[in-house]
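The following note sets out a few points for a colleague at the bench. It takes up metal coordination and the cysteines in turn.

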Amino acid sequence: MAKILDVKGRRVWDSRGRATVEAEVVVGRGATPLAVGRAIAPSGASTGSGEAIALDAESAVRSINGRIREGLKALSVSEQEALDRRLIELDGTPDRHRLGANAMVAVSLACAHADAAARKMPLWKKLAGERRVAMPVPQIQIFGGGAHARGSVDLQDYMIVCVGAGSFAEALDWTARVYAAAGARLQKRGALRGVADEGGYWPAFKSNEEPLAELVGAIADAGLEPGADVAIALDLAASQLYRAGNYHLALEGRSLSAGQLHATLMRWIERYPIVSIEDPFAEHDAAAMQAFTRDAGERIQIVGDDFFVTRLEKLKSGIENKICNAILLKPNQVGTVTETLACWDAARKAGYRAIVSARSGETEDVSIVHLAVGWGVPQLKVGSFARSERMAKWNEGLRIEEALGAKALPYPAGKLFRKR
Ligand code: 2PG
Ligand code: MG
């Protein structure tokens, strides 16, 4: 059984040029080093208020090199639950502000990698064990807005889901075509302003509905059928829009009541091939979320991100009150691998769907792809189809799909999003 010999933190840089923390866990038998696991904490821009607290990178490095290093040394690296429990105890706060959720998640993931490395297998395989797994269906951003591109559209993510693709690789092929077509359309209109934080186009649109029509146009330009081949997913990140009881659309210079936003979204669902909407209302607006789930939940996937913040107690309350029908899983929202998995287990048991997700501030770290495949989570959200912190993850997915080969369970896209 490999034991933790050393834990080391270092300051590194993320895709927004901001400092973040990397953890390295060295494991061995006796005093002889056998393997190393490494992971980097990501960071969000549109964060839910219930998220665990991240410390500045320097303090997070100090936590790792101090309390965490002392607290984890000599423990067995194969006991992920026990390791995460120890991290939670060492922190001792409900919001993780003593150790920092960024320090905790980097170490928790690095332990998982070190264990896999000691067993000489990739992380996804260690997590899957004897279970057969499928590749997750990607949600890929084409236009970015909101907190990731201030002054662009108000909605944060306009994404595509290649519901008709037969494999992860084919979904990426189609995405490349749609991404290129969308860029060409913007360029032709003189509406291309660069790219947003996650690599999606930063467009100059006049309304928040216009990108939906543009997306449908881009899918068709790419030679694919909107709805049947490629559908649309949105993340409103609506907590960012909430002002004094209303939802403010700065681009359109107007505010909508929850009821008006509800009606707008219902109209969009009728008019465009939308299969999924994330955070359609603010994180504390449970009544609006519940009403929307009641009216749209049979037809589309309704995802709680800022609403659930990967917290089991929030998810359980959502399940009880019939709010949302899916959860976004972000390990750094809570701080440990084990707690993230607990949310997926509870979601699955309740018939809720789940999506493993990256953050808007990312790095070359590809751990989340391994979590999605290894745990059998059927969807993956990583941002757009540009910038290497995103492409590193899509490319890792291609390697895993190749390694799975004929042993993979059928790719679930069509089954997940069959027209309801
Ligand atoms: C989200 C994420 C990723 P952030 O809201 O889903 O798109 O953004 O990391 O800024 O919270
Ligand atoms: Mg979100």
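**Note on the metal site and the cysteines**

1. The model is predicted, and the points below should be read in that light.

2. The magnesium ion (ligand 2) has three named coordinating residues: Asp235 through OD, Glu278 through OE and Asp305 through OD, at 2.0 to 2.2 Å. Along the chain, these donors are spaced as D-x42-E-x26-D.

3. Two of these donors can be placed in the secondary structure. Asp235 belongs to strand β8 (residues 231-235), while Glu278 belongs to strand β12 (residues 274-278); the pair therefore ties together parts that lie 43 residues apart in sequence.

4. Both of these strand residues are shielded from solvent in the calculation. Asp235 is buried, its relative accessible area being 1%, and Glu278 is likewise buried, with a relative accessible area of 1%.

5. The structure contains zero disulfides. For Cys111 the reason is distance: the closest cysteine sulfur, that of Cys343, lies 20 Å away, which is too far for a bond, given that a disulfide requires the two sulfur atoms to be within 2.5 Å. Cys343 is also in no disulfide, as the nearest cysteine sulfur to it, in Cys324, is 13 Å away.

6. Are Cys111 and Cys343 buried or exposed? Cys111 is buried, with 1% relative accessible area. Cys343 is buried as well, at 0% relative accessibility. A value under 20% counts as buried.

Conventions. Residues are numbered from 1 along each chain as its sequence is written. Chains are lettered from A and ligands numbered from 1 in the order in which they are written. This is a predicted model: local features need pLDDT of at least 70, side-chain atom pairs count only at pLDDT 80 or more; totals for chains, interfaces and linings use all residues. Side-chain values use heavy atoms; hydrogens and water are left out. Buried means under 20% relative accessible area, exposed over 50%, partly exposed in between (1.4 Å probe, protein chains only). Donors are N, O and S atoms within 2.8 Å of the metal (3.2 Å for Na, K and Ca); water is not among the atoms, so sites may look incomplete. Helices (H or I, at least four residues) and strands (E, at least two) are DSSP runs, numbered from the N terminus.
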